[in-house]
Amino acid sequence: DNQYTIFAWFWVGAGWTVFIVRNIFDYHIECVLQGLASHTSANQTATENENSSLLSHSLPAWAHINLDEYENQQSLFTKCLGHRDPDRKLTRQDALYWFDISGPKLYMTMFQIQLVFTSAYVSLLVSSFYTVMYAHCSVAEETAYLVLSLLPLYYLMSKNQESAANMTIACNFGVHRKPRVVSRVIRNEKVDRIIRAMAVIHKLQRAVEHGFDGAAETTISDSQVHSSELQEVAKAFDALDPSGDGTIVSSELTKIFSTFGVSVAAENTNKILKVLDRNGDGVIVREEFLSFYSQYVSTAMDHHGIHELAHQMYHQFDRDNNGQISLEEFSRMLESFNVGFTVNEIGHLVNELDEGGDGTIGEHEFAELFESRMYLFKRRSLPSLD
């Protein structure tokens, strides 16, 4: 029984040991983040040298690390654990981490071990040690044990989310970024931009085809659309702005429709321009486009609406009407938008969509791309263009 009591206190000691190590680790991660961030000294005055002193204060801490001095000061233990990747050289950013290049991977392993220990710590406390202390110790000793065992647990549990967030930033910064993940995020952002632009074309094209018999204009405020969404919509405007001058005129509007194989009479073009051009100056600017989008295009399409949009866009991509979109057709259409798709990005996108592996995109595969973007839309009514 006495041995169980000793082991119970030993287990609490292990919890406090992890607590101390975790505190040191969290402090180190904060130092890494500070070392990665650029900053300007609060004590900097206007009389400082503007060429050298100002630049020195604004550079992040890692930029001032002397690699030769760092390598000379490394201990044998650090050199053994600090794996040297033959494919890249040691950088100043690496020097911020314990065990340099291997640091981020070791940090993730340490954090995972701590999570496993926390689970085991709670499990043994509840299933064994609390019972032992209750049976063989006084009330005072039992109370002390309860308090001392819960304090490190409270800290470890309460700081997990913050520590995970800080460590994710620190371990995926600069040279430690995952290029494939970054490129995929950028590619998805461009796809979102194009789909938003397609939705605008689809709304206007449907109005043209139905003779402008839309619903009455709503009075929904732009403020009901989140600011982050409006920023993304602004990029969709850029995709529809062939000249890149921040305005869309009547001739550019006609060109946009012709890109999709839609012939629009001059009278209808003017009616569309009238709806989009709120101040009547003859051009569509970004603010007017955002207002139109937030009221009419930011619409919660159901599956039918999404399939209708995908079906229309698919057949406009398929210029030779053979029932498949080739890489050439897909590239030509994407390049018509002003989003800066590279050849590699187009190739990766085709590979993601091409489930059959035949180098072409079928309508079902194309529709899945739109279905995965349903979060882009909320329900609004189609404006009247009369």
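Arg22 and Asp26 share helix H1 (residues 2–36), where four residues, about one turn of the helix, separate them. In this predicted model, their side chains meet in a salt bridge, with an N to O distance of 3.2 Å. Both partners, Arg22 and Asp26, are buried. This pair makes a handy starting point for a look at the charged contacts, of which a search of the whole structure finds five.

A second pairing within one helix involves Glu189 and Arg193, whose side chains form a salt bridge at 3.9 Å, N to O. Because Glu189 and Arg193 are four residues apart in helix H7, about one helical turn lies between them. Here the two ends differ in burial: Glu189 counts as partly exposed because its relative accessibility is 24%, whereas Arg193, with a relative accessible area of 13%, is buried.

Helix H7 also takes part in a contact of longer reach along the chain. The side chains of Glu352 and Arg187 meet in a salt bridge of 2.5 Å, N to O. This pair links distant parts of the chain, with Glu352 in helix H14 (residues 343–353) and Arg187 in helix H7 (residues 179–209), 165 residues apart. Glu352 is partly exposed at 38% relative accessibility, while Arg187 is buried, its relative accessible area being 5%.

Turning to the cysteines, the structure contains zero disulfides. Two cysteines may be described by their surroundings: Cys31 has a relative accessibility of 31% and so counts as partly exposed, while Cys137, at a relative accessible area of 14%, is buried.

Conventions: Residues are numbered from 1 along each chain as its sequence is written. This is a predicted model: local features need pLDDT of at least 70, side-chain atom pairs count only at pLDDT 80 or more; totals for chains, interfaces and linings use all residues. Side-chain values use heavy atoms; hydrogens and water are left out. A disulfide is a pair of cysteine sulfur atoms within 2.5 Å. Buried means under 20% relative accessible area, exposed over 50%, partly exposed in between (1.4 Å probe, protein chains only). A salt bridge is a side-chain nitrogen of Lys or Arg within 4 Å of a carboxyl oxygen of Asp or Glu. Helices (H or I, at least four residues) and strands (E, at least two) are DSSP runs, numbered from the N terminus.
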